[in-house]
Amino acid sequence: MFNKQEQKVAEELSNSSNIIGKGTILEGNLETFGNIRIEGKVVGNIKTKSKAAFGQSSQVEGSVLAQNAEIAGHITGTVEVTEILVLKPTAVIDGDIITNKLIVESGAAFNGSCKMGVKSKEIKIGKPEGDDKPLLKAQS
C-alpha cells in the first residue's frame with residue numbers, strides 16, 4: 001500500500017508533538033498528524049490523527065476531531081473522537097459528543113447529546129470534511 005519512504009514520512013508526522021501554551025490565543029483552524037496539547041485559547045476547529053490533550057486552562061470555541069482525546073478544560077462545540085475520550089474532573093463541554101468509548105471522571109460536565117459506539121471514521125488532514133472530490137477537475 002505504502003512504499004517505505006511514504007511510510008517513514010507518515011510515521012514521522014504522527015510522532016510530532018504540538019503545544020499551544022497558556023496565554024496563547026490562536027484564531028483559525030488547526031490540523032496535525034501528530035499529538036497536540038492545548039493550554040491556551042483556540043477559536044477555530046482542531047483536527048488530529050493522533051491524541052489531543054486539553055489542559056485545565058484550555059478554552060476552545062470550535063469543533064474537535066481526534067483519534068483520542070483527554071479534556072480538562074472548556075470546549076464549546078462538537079467533540080468527535082474515533083477511539084477513547086476522557087473527561088477529567090475540571091472538563092466542561094458545551095456541545096455534542098460523538099465517540100467510540102467515553103470515560104467521565106467525577107466532576108466533569110457536558111451540556112449536549114452523547115453518541116457512543118460509533119464506527120471509526122477516517123480522519124482526513126488537508127481536506128474539508130465530506131470532500132472526497134479531487135481538488136482539481138479535469139476538463140474534457
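Two strands count as paired here if DSSP finds at least two bridges between them. Strands themselves are DSSP runs of E with at least two residues, and helices are runs of H or I with at least four, all numbered from the N terminus. With that in hand, here is a first example: strand β13 (residues 92-94) and β15 pair in the parallel sense over three bridges. In that pairing D94 stands opposite N111 in β15.

Hello everyone, and a word on what we are looking at. This is a predicted model, in which local features need pLDDT of at least 70 and side-chain atom pairs count only at pLDDT 80 or more, while totals for chains, interfaces and linings use all residues. Residues are numbered from 1 along each chain as its sequence is written, and side-chain values use heavy atoms, with hydrogens and water left out.

Let me start with confidence. pLDDT is the predictor's confidence in each residue, on a scale from 0 to 100. The chain has a mean of 85, and 78% of its residues reach 70 or more. Among its elements, strand β11 (residues 74-76) has the highest mean pLDDT at 98, and helix α1 (residues 4-14) the lowest at 57. Over residues 132-140 the value stays under 50, and for that stretch the model has two contacts beyond four places in sequence, a contact being heavy atoms within 4.5 Å. Where pLDDT is low, the predicted coordinates should not be read in detail.

Now the overall make-up. The secondary structure comes to one helix and 16 strands. Of the 140 residues, 31% count as buried; that means under 20% relative accessible area, with exposed over 50% and partly exposed in between, using a 1.4 Å probe and protein chains only. Among contacts between residues at least 6 apart in sequence, 10% join residues at least 24 apart.

Back to the sheet that holds β13 and β15. It is an open sheet of six strands in the order β2-β5-β8-β11-β13-β15, with parallel pairing. Because β2 (25-27) and β15 (109-111) stand at the edges with a single partner strand each, one side of each is left without a neighbour in the sheet. The twist averages 5° from one strand to the next, where axes are lines fitted to C-alpha atoms (for helices over the stretch in contact) and angles run from 0 to 180 degrees between N-to-C directions.

Next, the strands around β4. Four bridges join strand β1 (residues 17-20) to β4 in parallel, and I20 stands opposite I38 there. On to β7: three bridges join β4 to β7, again running parallel, and I38 stands opposite F54 in β7. Which residues of β4 point to the buried face? They are I36 and I38, while N35 and R37 point to the other face and are not buried. In a regular strand the side chains alternate between the two faces of the sheet.

Then we come to β12 (residues 79-87). Strand β9 (residues 64-66) pairs with β12 in the parallel sense over three bridges, and L65 has E80 as its bridge partner in β12. Strand β10 (residues 68-71) and β12 also pair in the parallel sense, over three bridges, with L87 as the bridge partner of I71. Seven bridges join β12 to strand β14 (residues 97-104), running parallel, and the partner of I84 in β14 is K101.

So what do these strands supply to the largest nonpolar core? Each of β4, β7 (51-54), β9, β10, β12 and β14 gives at least two residues. The largest share, four residues, comes from β12. A nonpolar core, by the way, is a set of buried Ala, Val, Leu, Ile, Met, Phe, Trp, Tyr and Cys residues joined through side-chain atoms within 4.5 Å. This one has 23 residues, of which I38, F54, I71, I75, L85 and L87 touch the most other members. Leaving out residues up to four places away in sequence, F54 touches a list including I38, I46, V60, V64 and I75.

Two loop residues to finish. G34 lies between β3 (30-32) and β4 (35-38) and is buried, with a relative accessible area of 0%. Its C-alpha is 8.9 Å from that of A52, with the two positions 18 residues apart in sequence numbering. S50 sits in the loop between β6 (46-48) and β7, and S50 is buried as well, at 9%. A polar atom of the S50 side chain lies 2.8 Å from the backbone oxygen of F33.

Methods
Polar contact = N/O pair within 3.5 Å; in protein donor to acceptor, adjacent residues only side chain to side chain.
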